[in-house]
Amino acid sequence: MNYLFFLIKKIHANQEIVKIIENLKGRRNYEEKRASKLGFASLYDYFEDKILKKQKAIEDEQKELEAVKADNQPKANKKSCSCC
């Protein structure tokens with residue numbers, strides 16, 4: 001099941017990358033030079049890496065927000081004593 005989800009996500013990303021490359025128009029030369037300068041074998045690999053980095057940043061941000069929410073919730077099990 002997990003593998004199937006990964007494949008569906010990968011296919012969706014592939015279509016997105018192809019669409020991005022098709023819509024570059026005048027920026028294609030710039031992006032190709034940038035990709036080769038950064039060491040990517042193709043423009044496709046370059047955009048795939050960019051998308052993966054964006055997704056990772058979003059996931060990290062969501063995890064950080066969840067951690068902050070968990071820290072901000074009051075602890076219901078703590079009992080206060082009268083001596084403090």
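Begin with the loop between helix 1 (2-22) and helix 2, and select Lys 25, which is found there. In this predicted model, Lys 25 has a positive phi of about 50° although it is not a glycine. The side chain is worth displaying together with the surface, because Lys 25, at 69% relative accessibility, counts as exposed.

Now zoom out and colour by secondary structure. The protein has three helices and zero strands, and a reading along the sequence gives the pattern α-α-α. If you then colour by relative accessibility, buried residues make up 13% of the 84 residues in the protein.

Next, select Arg 27 and Glu 31. These two form a salt bridge, with the closest N and O atoms 3.2 Å apart. How do the two partners stand in terms of accessibility, buried, partly exposed or exposed? Glu 31 counts as buried because its relative accessibility is 6%, under the 20% that sets the limit for that class, whereas Arg 27, at 46%, counts as partly exposed.

The count for the structure comes to four salt bridges, and further ones can be visited in helix 3. Select Asp 49 and Lys 53, whose closest N and O atoms are 3.3 Å apart in a salt bridge. Both residues lie in helix 3, four residues apart, about one turn of the helix. Asp 49 counts as partly exposed at 22% relative accessibility, while Lys 53, at 55%, counts as exposed.

Then move to Lys 56 and Asp 60, whose side chains meet in a salt bridge at 3.3 Å, N to O. How far apart are Lys 56 and Asp 60 in helix 3? They are four residues apart and therefore separated by about one helical turn. Asp 60 is partly exposed, with a relative accessible area of 35%.

For the next stop, show the rings of Phe 40, Tyr 46 and Phe 47, which form one aromatic cluster. A pair of aromatic rings is described by the distance of the centres and the angle of the planes, so both values are useful in the viewer. A search of the whole structure finds two aromatic pairs. In one of them, Phe 40 and Tyr 46 are edge-to-face, at 5.6 Å centre to centre and with 65° between the planes. Keep Tyr 46 selected and add Phe 47: the centres of these rings are 5.2 Å apart and their planes stand at 65°. Why is the pair of Tyr 46 and Phe 47 edge-to-face? The angle of 65° between its planes is over the 60 degrees that this class requires, so the pair is edge-to-face.

While the cluster is on screen, compare how its members are covered. Phe 40 is partly exposed, with a relative accessible area of 23%. Tyr 46 is buried, with a relative accessible area of 6%, and Phe 47 is likewise buried, its relative accessible area being 6%.

Finally, switch to a surface view and select Arg 34, Lys 37, Lys 50 and Lys 54, which form a positive surface patch. Which elements give two or more residues to the positive patch? They are helix 2 (28-37) and helix 3 (43-72). To end the tour, centre the view on Lys 54, whose place is in helix 3. Lys 54 is exposed because its relative accessible area is 57%, over the 50% cut-off for that class.

Methods. Residues are numbered from 1 along each chain as its sequence is written. This is a predicted model: local features need pLDDT of at least 70, side-chain atom pairs count only at pLDDT 80 or more; totals for chains, interfaces and linings use all residues. Side-chain values use heavy atoms; hydrogens and water are left out. Patches are made of residues with over 30% relative accessible area and no salt bridge: like charges are joined within 9 Å, nonpolar side chains (Val, Leu, Ile, Met, Phe, Trp, Tyr) within 5 Å. Accessible areas come from the Shrake-Rupley method with a 1.4 Å probe; for residues, only the protein chains shown count as cover. Lys and Arg count as positive and Asp and Glu as negative; His and the chain ends are not counted. The place of a charge is taken as NZ of Lys, CZ of Arg, CG of Asp or CD of Glu. Buried means under 20% relative accessible area, exposed over 50%, partly exposed in between (1.4 Å probe, protein chains only). Rings of Phe, Tyr and Trp (its six-membered ring) pair if their centres lie within 6.5 Å; planes under 30 degrees apart count as stacked, over 60 as edge-to-face and the rest as tilted.
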